[in-house]
Amino acid sequence: MNEFDKQHTIAKWEELLRKPSKVTESREFPSWEVVSKRNIQFEYNPKSVSNSNVVSFFRKPLGRAVVGGSVLSLAATIFFVFLLNPNSSETNGTDLANVSTAKSSKEISSPLKVIVSSIKGKVSVLPEGSSHPVPLVKSYQLASGDVVITEGSAQIDLDFETGSWMRITPNSEVVIDLIEKTNEAQSQKFSVKKGKLFASVSKLSKDSQFVVQAGEHLTQVRGTVFSVQFDGTTELVAVREGSVAVGDLVLSAKQQTAVKLGEPVAATASPVNAKEEKELKAFQTQTVLARESKLYEEHARLELVRLEDGTEYRGVILGQSETHLHFKGLEGLIEIPIQKILETEKIR
């Protein structure tokens, strides 16, 4: 059973478990007041454990046995260490530290959660190591190495646990090269083999990366709303908010660049065309609404926090301390200084 089948089966089980059976719905169960007044029919009387059944393996005083055993163990350890590695005294401490650090880093690496938020039309995934694509379903969790394929007019939205959002448009093929996280950073790399994707990337930490490969060039992001399109000969990158780097060229808000295979990246950017600007704006609006709906489904409310400088946060107030408001926004958990808050408002 592949990963897709496992997740599909689990989803079916969860749906069945959420729905009570007809027998359960038809029966009447006694209330706690009734149950609490019933006489106890079966009392629990645990058997007493005797403390006299003590087995000792020591035939001489404990202190002498422990000391003697410790000395013999230490001697045996030293003997085997030098027998197996006669040059152990020359071991470089720095190398051992590096190995320890690498092992520690490897242990804390884990997959970054990226799930299917919505699907329109026929969308399939080709899992890494498989030669047979399978249909994608909502809530499917993607993994590094997966290839997402949209056919005809189909499209798919992906929801990242970091707060980022991605849309893969019709007639596209996108490789999920790497989605991984550690305690300090996230690595997110994608390849557009054909077609187009939109992305709204939440602010990245210093060591995190969000990279899209299309054609011969990498698009590197720090936190922005942008699109990448590739038709096999030309790569088009457009930005609505924030900035991205295409080669040595940095694109700012409402700028784009087109690069043909075999040609260098232009020295200067050009303004985003009207059609691309309209599509980027629509994607950004739909992304905000989708995130808000997700928060509302989770908490059954939605609030707005407005600061004195005009900044607004949309999300859910989780609680507060003496100095900060604990808030879950569209890009994750944040703490807002109470002294900077002008007002709060319930949206839904």
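Over which residues does pLDDT stay under 50, and how many contacts beyond four places in sequence does the model have for them? In this predicted model, the stretch in question is residues 49-68, where pLDDT remains under 50 throughout and for which 2 contacts beyond four places in sequence are present. Helix H4, spanning residues 62-84, has the lowest confidence in the chain with a mean of 48, whereas strand E5, at residues 147-150, has the highest, at 97. Across the chain the average pLDDT is 81, with 72% of the residues scoring at least 70. Where pLDDT is low, the predicted coordinates should not be read in detail.

The largest nonpolar core comprises 38 residues, and within this core the most contacts are made by Leu 136, Leu 158, Phe 210 and Phe 226. Strand E9, covering residues 186-200, supplies the largest share of this core, namely 4 residues.

Strand E9 is also paired with strand E10, at residues 209-214, in the parallel sense and over 6 bridges; in this part of the model, Val 192 lies opposite Ala 214 of E10. Strand E10 pairs in turn with strand E11, at residues 217-221, but here the sense is antiparallel and the pairing extends over 5 bridges, with Gln 220 in E11 serving as the bridge partner of Val 211. Together E10 and E11 form a hairpin in which 2 residues separate the strands, and Gly 215, located in the turn, adopts a positive phi of about 65°.

Terms used. Residues are numbered from 1 along each chain as its sequence is written. This is a predicted model: local features need pLDDT of at least 70, side-chain atom pairs count only at pLDDT 80 or more; totals for chains, interfaces and linings use all residues. Side-chain values use heavy atoms; hydrogens and water are left out. A nonpolar core is a set of buried Ala, Val, Leu, Ile, Met, Phe, Trp, Tyr and Cys residues joined through side-chain atoms within 4.5 Å. Buried means under 20% relative accessible area, exposed over 50%, partly exposed in between (1.4 Å probe, protein chains only). pLDDT is the predictor's confidence in each residue, from 0 to 100. Contact means heavy atoms within 4.5 Å. Two strands pair if DSSP finds at least two bridges between them.
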